[in-house]
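The following note sets out some remarks on the model, arranged as numbered points. Please read them beside the sequence and the coordinates.

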Amino acid sequence: MVAPSTGPALPEAPARRRWLRKLAGVTASWTAALGIPCLAMANVQRGRPEGAGIAGRAATTTGQKGPGGPPFGLHPAARALTGELASQHGIEVQWSLQALAHARRVATVRRLVMPPPAGVPKNWQAYRERFVEPQRVAGGLDFWAAQAAWLERATARWGVPPEIVVAIVGIETFYGRIVGSFRVIDALSTLAFDFPPGRRDRSAFFRDELAQFLRWCHRERLDPLTPLGSYAGAIGLPQFMPSSILRFGVDFDGDGHVDLRTSGADTVGSVANYLAAFGWTPGLPTHHAVQPPDDPADRAALLAPDIVPSFTAAQFVERGARLDTAGLAHDGLLALVELENGGAPRSFVAGSTNFYAITRYNWSSYYAMAVISLAEALRAAR
Ligand SMILES: [Ca+2]
């Protein structure tokens, strides 16, 4: 999900290629030409997060660029949603209607959800350089030090190494520095009730996320007009979509609230819990070095399942792939992951089920490799 404030500006277009895939995951960041910045990253380019101050009922589009449209409160679909929340979850119609009455259409959100222009080459090396750089490593060491006790507890409970958790938070929001500047209710309402034409309609997905968002706010006794997030509605240090907060959020510090906006403890616990829920195996390497088969047919066969681990090490070898010693001894399935480097030769790794687990957070092999590379840098620097 998100990224840095101080790094070089990311190209906007390339960042949004396979976002639809990602939407099924936690947040909605992407993979794209340059890899794909997370949602937060996209927001960074469009202005700094507002922080606080837009909670007032009179607030309209503070924190967003572009004019806000009319409120969605009278939209038939919004009214239907409030009815569902009442009948299925016991949330008073007046409460949700009051919130949606102040939700606004945001033109910037509609623009950002559109796909990038075609033809922009991906470049793993360039993507890596944006994320694995001194400031992000330094920020990660600070976050690691500040959350060391919680990271230790998370590792003990879920088996996810601390550097992986820290790296995800670093790539998502630069450790909380860039968490998005859109009112979540505006972003989700816009994409639920006024999804732009010209691409596959995902309004049903966002309508559900809007419902989950209102459930979360109601449960946490939050003013629904207050939370800020990415243009796709991802929230907090780890940029969880509302449904992921409800499903995978952890009140790790035990204060009675799942607080991913300010609690390092809850963030650490929730990220580790998420990866564990998607099959993280303690102690299993994320990937191995590999040279792909020379034969085009063999190479195509290994690439066919994309990032889904589908072959044993022996099957890799049968197809002519060359693994290192650790890879040959790998116990479990592997995926041949191909990473473009602009016009330069492509990079390949043999991704394990733990590599795949990271891609459930953000559906991109570039994203997963950035997390892994930053994690390695953090481990080496600590
Ligand atoms: Ca908590």
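What percentage of the 382 residues of the protein chain count as buried?

1. Overall composition. The model is a predicted one. Of the 382 residues of the protein chain, 53% count as buried. The secondary structure comprises 18 helices and 8 strands. Among contacts in the protein chain with a separation of 6 or more, 74% are between residues 24 or more positions apart.

2. The four-stranded sheet. Four strands form an open sheet in the order β6-β5-β8-β7, with antiparallel pairing. The edge positions are held by β6 and β7, each of which has a single partner strand, so each has one side without a neighbour in the sheet.

3. Pairings of β5. Strand β5 (287–291) runs antiparallel to β8 (residues 344–351), and 3 bridges join the two. Within this pairing, Ala289 is placed opposite Val349 of β8. The pairing of β5 with β6 (residues 322–323) is also antiparallel and extends over 2 bridges; here Gln291 has Arg322 of β6 as its bridge partner.

4. Helix α18. This helix covers residues 365–381, and its 17 residues reach 24 Å from the first C-alpha to the last, close to the 24 Å expected at 1.5 Å a residue. Helix α18 is mostly covered, with 12 of its 17 residues buried. The buried residues include Tyr366, Tyr367, Met369, Ile372 and Leu378. Those buried residues pack against the helices α6 (124–131), α7 (134–146), α9 and α17 (353–361), and against the strands β5 and β7 (335–341). Two strands of the sheet described above, β5 and β7, are thus among the packing partners of α18.

5. The crossing of α9 and α13. The axes of α9 (residues 162–173) and α13 come within 10 Å and cross at roughly 105°. The two helices are therefore roughly perpendicular to each other. On the α9 side the contact involves Val165, Ile168 and Val169, which meet Thr267, Val268, Val271 and Ala272 of α13. The residues of this contact divide into 6 nonpolar, 1 polar and no charged.

6. Leu275. This residue belongs to helix α13 (residues 264–277). How far apart are Leu275 and Val165 in sequence and in space? They are separated by 110 residues in sequence, and their C-alpha atoms are 9.1 Å apart. Leu275 is buried, because 25 other C-beta atoms lie within 10 Å. Leaving aside residues up to four places away in sequence, Leu275 touches Val160, Trp280 and Ala357.

7. Positive phi values. Two residues other than glycine deserve a look in this respect: Arg221 has a phi near 55°, and Gln239 has a phi near 55°. Arg221 is located in the loop between α11 (203–220) and β4 (228–229), whereas Gln239 is in the loop between β4 and α12 (242–248).

8. Surroundings of these two residues. Which of the two labels, buried or exposed, applies to Arg221? Arg221 is exposed, because 7 other C-beta atoms lie within 10 Å. Gln239, by contrast, is buried, because 34 other C-beta atoms lie within 10 Å. A positive phi is thus found at an exposed loop residue, Arg221, and at a buried loop residue, Gln239.

Methods. Residues numbered from 1 in each chain as written. Predicted model: local features only at pLDDT ≥ 70, side-chain atom pairs only at ≥ 80, totals over all residues. Buried ≥ 20, exposed ≤ 12 C-beta atoms within 10 Å, placed from the backbone. Contact = placed C-beta atoms within 7 Å. Axes fitted to C-alpha atoms, helices over the stretch in contact; angles between N-to-C directions. Parallel < 35°, antiparallel > 145°, perpendicular 65-115°, else oblique. Nonpolar A, V, L, I, M, F, W, Y, C, P; charged D, E, K, R; others polar. Expected span 1.5 Å × (residues − 1). Pairing = 2+ DSSP bridges.
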